[in-house]
Amino acid sequence: MKDAYVQKMVKVSTDHDRWSLISLSNNSGKNVELKFVNSLRRQFEFSVDSFQIVLDSILKVYRARDCKLTEDSHPIVIAESMYGDFNEAMDHLKYKLISTRNPEEIRGGGLLKYSNLLVRDFKPADEAEIKSLERYMCSRFFIDFPDVAEQQRKIESYLRNHFIGEEKSKYDYLMTLRGVVNESTVCLMGHERRQTLNMITILALKVLGEQNIIPNAANVTCYYQPAPYISDRNFSSYYIAHGQPPIIYQPYPFHIQIQSGIV
């Protein structure tokens, strides 16, 4: 049963944080995450995932030997939102709105979750505010994952855990993430930013390759920094060698060209 339904189990016990998580999934890719919290400094990422059920009253019943449950005598279970305003958070959940506070306090800045909400047709509750918050999300993400290899491992892990049975959504997610990073990253040097954008683009190409939309992207070579005197500033040209006759595939602003021979 565990192998069939338990996707992952996490347990954290430090001086400040004590919590565990069980992620359950079925064969159609639907998943439910149960998080049991004793203490946690930051208890939510966005308002739509800020809800908690307080089990203290239930635990007291189990600990009391002489306590009996009846229709007239039973513990009251409380639901609350760590976002602060329960009704506002419920409206955000109902109308698919994105809102958060101080994303710099979240490990990874909430950047990956934010992109996931966008690709699932959630809209910012406040367009002007979210643009400012995006910069904090990106900055915290690159503080926690400064190396491109670390960033790639984190993104790939997120795809595995949150897009089960949704292979076709992975490409949209990666391109949405790339757009946020491209528009809102202010903390990286130019070459670091280009490396991250290039890594995300390659992951998107591999996703397409796995879906047989384009050939396998293992032989993709990326050129993204032409000489400054070149008038055509197309910084994202991708060439795949050893393929069939030339074809062009261009769903987004990058170019894929299949050629025979060595590029």
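**Cysteines, helical core and polar loop contacts in a predicted model**

With a relative accessibility of 39%, Cys187 counts as partly exposed, a class that lies between buried (under 20% relative accessible area) and exposed (over 50%), as evaluated with a 1.4 Å probe on protein chains only. The structure is a predicted model, in which local features need a pLDDT of at least 70 and side-chain atom pairs count only at pLDDT 80 or more, while totals for chains, interfaces and linings use all residues. Residues are numbered from 1 along each chain as its sequence is written, and side-chain values use heavy atoms, with hydrogens and water left out.

The cysteine closest to Cys187 by sulfur position is Cys138, and because the two sulfur atoms are 7.3 Å apart, the pair is too far apart for a bond. Cys138, in contrast to its partly exposed counterpart, is buried, since its relative accessible area is 0%. Under the criterion that a disulfide is a pair of cysteine sulfur atoms within 2.5 Å, the count for the model is 0.

The protein chain contains 8 helices and 11 strands, taken as DSSP runs (H or I of at least four residues for helices, E of at least two for strands) and numbered from the N terminus. Of its 263 residues, 34% count as buried. The accessible surface, obtained by the Shrake-Rupley method with a 1.4 Å probe and, for residues, with only the protein chains shown counting as cover, comes to about 16700 Å², and carbon and sulfur atoms account for 51% of that area. When contacts (heavy atoms within 4.5 Å) are restricted to residues at least 6 apart in sequence, 54% of them join residues at least 24 apart.

In soluble globular proteins, nonpolar side chains tend to be buried together. Here the largest nonpolar core, with such a core defined as a set of buried Ala, Val, Leu, Ile, Met, Phe, Trp, Tyr and Cys residues joined through side-chain atoms within 4.5 Å, has 33 residues, and Leu111, Ile155, Tyr173, Leu174 and Leu177 are those with the most contacts inside it. Two or more residues each are given to this core by helices H4 (111-119), H5 (127-144), H6 (148-162), H7 (167-184) and H8. Beyond its neighbours within four places in sequence, Leu177 is in contact with Leu111, Leu112, Ser115, Ile155 and Ile200. Leu174, located in helix H7, counts as buried because its relative accessible area is 0%. With residues up to four places away again set aside, Leu174 touches Ile155, Leu159, Ile200, Leu203, Ala204 and Val207; the C-alpha atoms of Leu174 and Ala204 are 5.9 Å apart, although 30 residues separate the two in sequence. Tyr171 also has its place in helix H7 and, at 6% relative accessibility, counts as buried. The C-alpha atoms of Tyr171 and Lys206, which are 35 residues apart along the chain, are separated by 9.0 Å.

Helix H8 comprises 21 residues (190-210), which at 1.5 Å a residue should span 30 Å, and this agrees with the 30 Å between its end C-alpha atoms; the expected span is 1.5 Å times one less than the number of residues. H8 is followed by Asn212, for which phi is positive, near 60 degrees. Helix H3 (residues 86-95) is capped at its N-terminal end by Asp85, a side-chain oxygen of which lies 3.1 Å from the backbone nitrogen of Asn87, and is followed by Lys96, whose phi is positive, near 55 degrees.

Two loop residues were examined for polar contacts, that is, pairs of N or O atoms within 3.5 Å, where within protein one atom must be able to donate a hydrogen and the other to accept it, and where residues adjacent in sequence count only if both atoms are side-chain atoms. Thr100, in the loop between strand S6 (97-98) and H4, counts as buried at 3% relative accessibility. The side chain of Thr100 forms a polar contact of 3.2 Å with that of Arg42 and reaches the backbone oxygen of Glu45 at 2.5 Å. Outside its neighbours within four places in sequence, the residues in contact with Thr100 include Phe44, Phe46, Tyr83, Ile106, Leu133 and Met137. Ser50, situated in the loop between strands S3 (31-39) and S4 (51-54), is likewise buried, at 0% relative accessibility. A polar contact of 2.7 Å joins the side chains of Ser50 and Ser81, and, not counting residues up to four places away in sequence, Ser50 touches Phe44, Glu80, Ser81, Met82, Tyr83 and Ala89.
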